[in-house]
Amino acid sequence: MDQLLQALVSGLLLGGFYAVMVLGFSVIWGVMGVINLAHGEFLMIGAYMAWGLFRFFGMDPFASLVLILPFMFLVGYLLQIVLINRIVERPHLMTLLVTFGVSIAIANLFKIQFTSDPRNVAVAYNGSVQLAGVTFPIVKTIIFGVALFIMVCLHLFLQRTRLGKSIRAAAQNKTAARIVGVDINRVYAITAGICIALTAAAGAMLSPTQAIFPFMGPPFTLKAVTITALGGLGRIPGALMGGMVLGVTEIFVSTYVPGIGTNLGVATSFILLVLILVVRPQGLMGGLRPIDAEAE
Amino acid sequence: MRNILSQLSLLLIASLLLTACALAPPAPVDEPAAAAPSADEEKIIYLGAAVSETGKFSREGRDTRQGYGLWLDWVNNEYGGIKVGDDRYKVELIMYDDEGDPDTAARLVEKLINEDRVDFLLGPYSSFLTQSASAIAEKYNKIMIEGNGAAEPLFERGFQNLFAVLTPAGNYTRSALQLLAEKGAQSVVIAYEDTAFPTSVANGAQHWAAEYGLEVLGVETYPVNVADVSGIMSKFKELDPDVFVGGGHFNDAVLFIRAAKELDFNPKAMVITVGPSNPKLIEEVGVDTEYVIGPTQWEASMSYADDYFGTAAEYAASYEDLWGEPPTYQAAESTATALALHLAIEQAASLDTDSVRAALRSLDVVTFYGPINFDEKGRNAGKPMGAIQIQDGEILVVAPSNAAVTELNYPAPPWKDR
């Protein structure tokens, strides 16, 4: 019983991280129809920034979000204007090639700059607390809390603000949005800024829990693809649910399959991906795919 | 439906591209200088090695490169070249980056043999890569001498050309488990990466645990490049063992220690391969490394010495002069690897593969790294394994008793009392 509860808690905590990790990927895909293959690399940049701020300025990785978010917003905004806006309405293969190129460039730049030595952020509070017989790792619990907070903020932003509404409008029907006077390119740039800032924030939060190295990105990109397929495009509740399903499944498999469980945990996400594509291609939450029909 | 299909094909393309990333051709790390064509010019022995500069083994790969590099620097500049009969040969070492990938390692070894025409091969870092690299060396009948592949199956393939200066993996945990059993430990759990070297370590650990009367409560494996081991650690927490044995590489040591603390998993001792004997672990993880025990092939405080590098401590000093950091045992065994080849070539007084192989077989020397004496399978039969424990941020030898500098601290206090 205890083990079951523990596995559930660990899975949900992992799922919370997955959910915030996937937001940037899912929203960019949903709004622009761009599959960002450099997603994991932006996560890696965030992790390195947190490491640098921790190592050289003694800054806590969660406090460093205050600096990382605006900086990476700027990076995303500029990247969109300089590069991605040129390919948004082109065939999908172009966007794949460009983002793939960006991912290789970033990973190798970081390799040259920082070598591929694994880096670590050793925060002092990486212990745990016991609550009702269940162990809550402190860092992962904080990540979970921050992840929920970020998701609520993003949800409110998209639902309530004028800018958020224009982002949704652009996602639903680009032509109509243009007709009513939405500056699509600007909306895209802001969306990319937000998404890349969020991705980097996820990386920064991840930094105290695992080793940081230049080639850590691609597995996260693959997981982001799975979760997006699970939860549907650009939907925050979908991302949350998709993340939870993947997190809980991975932890359950590794807890309950003796001997090789952890190996299977990694395979799980791909098995899930295939199952979903076969059984429910519209995602578990169903129905809504806000991708622009013209981009198809 | 069209929509779904195009989504599907997109996903396919995306995953293909990501896979392609892993298969991209490697960039050469060290272009070989043009070979000297004329016989009047300096005589040169060409050595080749594929060693990780990037990828999972980048950390240990660098130690390996630097270990080879120290010997290279010494043999060319100080020793004046390898003596072969009456001639002195300078040495040129060609190294490529295998990216931690066994296929790449195999391809690069083939390139070293066929294109760069090297005379002898030095091993890569890790058993995982040595497995594929040594198969190519065997195919072309080139001697590969290595100091970083300790897995037992490497030596069960009947190869004639593979020699290893290090203690084989099955014995890695022996002295640590023996000592822990003497201190009263009763039970043990084992987690290991499902590749050659950790598997041999884990099989050895199970063997020695039984030998010393420790009950094995659980055994778990995990894949290469694992990002999180908390699933394994929470399972082990339920079992409440006295000793945790982790078989993996540097990065895994970080994950094990972190997950144990996070989950409040309190074994009385943690024995982890590879990581603990590297000072970088203390630097990266900090005080949580206290009490962690690790097997060690070599430490600078051990009492071995030779005529070439002096004592182990003197070797450590010259290494630090050259590279600006103290040597890990991976670095020392890499230097010892090159030194063993050097001695065999001098003994054979020839560059011929058969003569050098015979010389390696009969080699029986003591070096700064320990005794080197190859058995019929190419393993170094002469050298025992040591164990270290991290105490007050220092790496101190606790076993075997004749090399120990301090007592083992056992049991380790639970995380919340530290």
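**Exercise 1. Contact between the chains**

Task: State how many residues of chain A are in contact with how many residues of chain B, and which elements of chain A give two or more residues.

Solution. Step 1: 40 residues of chain A are in contact with 45 residues of chain B. Two residues are in contact if their C-beta atoms, placed from the backbone, lie within 7 Å.

Step 2: This is a predicted model, in which local features need pLDDT of at least 70 and side-chain atom pairs count only at pLDDT 80 or more, while totals for chains, interfaces and linings use all residues. Residues are numbered from 1 along each chain as its sequence is written, chains are lettered from A, and ligands are numbered from 1 in the order in which they are written.

Step 3: On the side of chain A that touches chain B, the elements giving two or more residues are α1 (2-32), α4 (92-114), β2 (134-137), α9 (217-231), α10 (236-256) and α11 (261-279) of chain A. Helices (H or I, at least four residues) and strands (E, at least two) are DSSP runs, numbered from the N terminus.

Step 4: α11(A) gives the largest share of this side, 6 residues.

Step 5: By class, this side of chain A has 18 nonpolar, 19 polar and 3 charged residues. Ala, Val, Leu, Ile, Met, Phe, Trp, Tyr, Cys and Pro count as nonpolar, Asp, Glu, Lys and Arg as charged, and the others, Gly among them, as polar.

**Exercise 2. The build of chain A**

Task: Describe the secondary structure of chain A and explain why chain A is said to be as compact as a globular protein of that length.

Solution. Step 1: Chain A has 11 helices and 2 strands. From the N terminus on, the order is α-α-α-α-β-β-α-α-α-α-α-α-α.

Step 2: The radius of gyration of chain A is 19 Å, close to the 19 Å that the globule rule gives for 296 residues, so chain A is as compact as a globular protein of that length. The radius is taken over C-alpha atoms, and the globule rule is 2.2 Å times the number of residues to the power 0.38.

Step 3: Along the principal axes, the C-alpha atoms of chain A fill a box of roughly 60 × 45 × 35 Å.

Step 4: Strand β1 (residues 128-131) of chain A pairs with β2(A) in the antiparallel sense over 4 bridges; two strands pair if DSSP finds at least two bridges between them. V129(A) has F136(A) in β2(A) as its bridge partner. The two strands form a hairpin with 2 residues between them, and A132(A) in the turn has a positive phi of about 55 degrees.

**Exercise 3. A sheet in chain B**

Task: Give the strand order of the open sheet of 6 strands in chain B and find its edges.

Solution. Step 1: The order is β2-β3-β1-β4-β5-β6 (chain B), with mixed pairing.

Step 2: β2 (82-84) and β6 (162-164) of chain B each have a single partner strand, so one side of each is left without a neighbour in the sheet.

Step 3: Neighbouring strands of this sheet are turned by 30 degrees against each other on average, direction ignored. Axes are lines fitted to C-alpha atoms, for helices over the stretch in contact, and angles run from 0 to 180 degrees between N-to-C directions.

Step 4: β1 (residues 44-50) and β3 (residues 87-96) of chain B pair in the parallel sense over 7 bridges. I44(B) stands opposite K90(B) in β3(B).

Step 5: Helix α3 (residues 102-114) of chain B lies across β1, β3 and β4 (120-122) of chain B, at about 165 degrees to β1(B). Helix α4 (residues 127-139) of chain B lies across β1, β4, β5 (144-146) and β6 of chain B, at about 155 degrees to β5(B).

**Exercise 4. Two backbone exceptions in chain B**

Task: Locate the cis peptide bond between Y410(B) and P411(B), and the positive phi of E99(B).

Solution. Step 1: Most residues other than glycine have a negative phi, and most peptide bonds are trans.

Step 2: The bond joining Y410(B) and P411(B) is cis, with omega about -5 degrees. P411(B) lies in the segment after β17 (394-399) of chain B.

Step 3: E99(B) is not a glycine, yet its phi is positive, about 60 degrees. E99(B) is in the loop between β3 and α3 of chain B.
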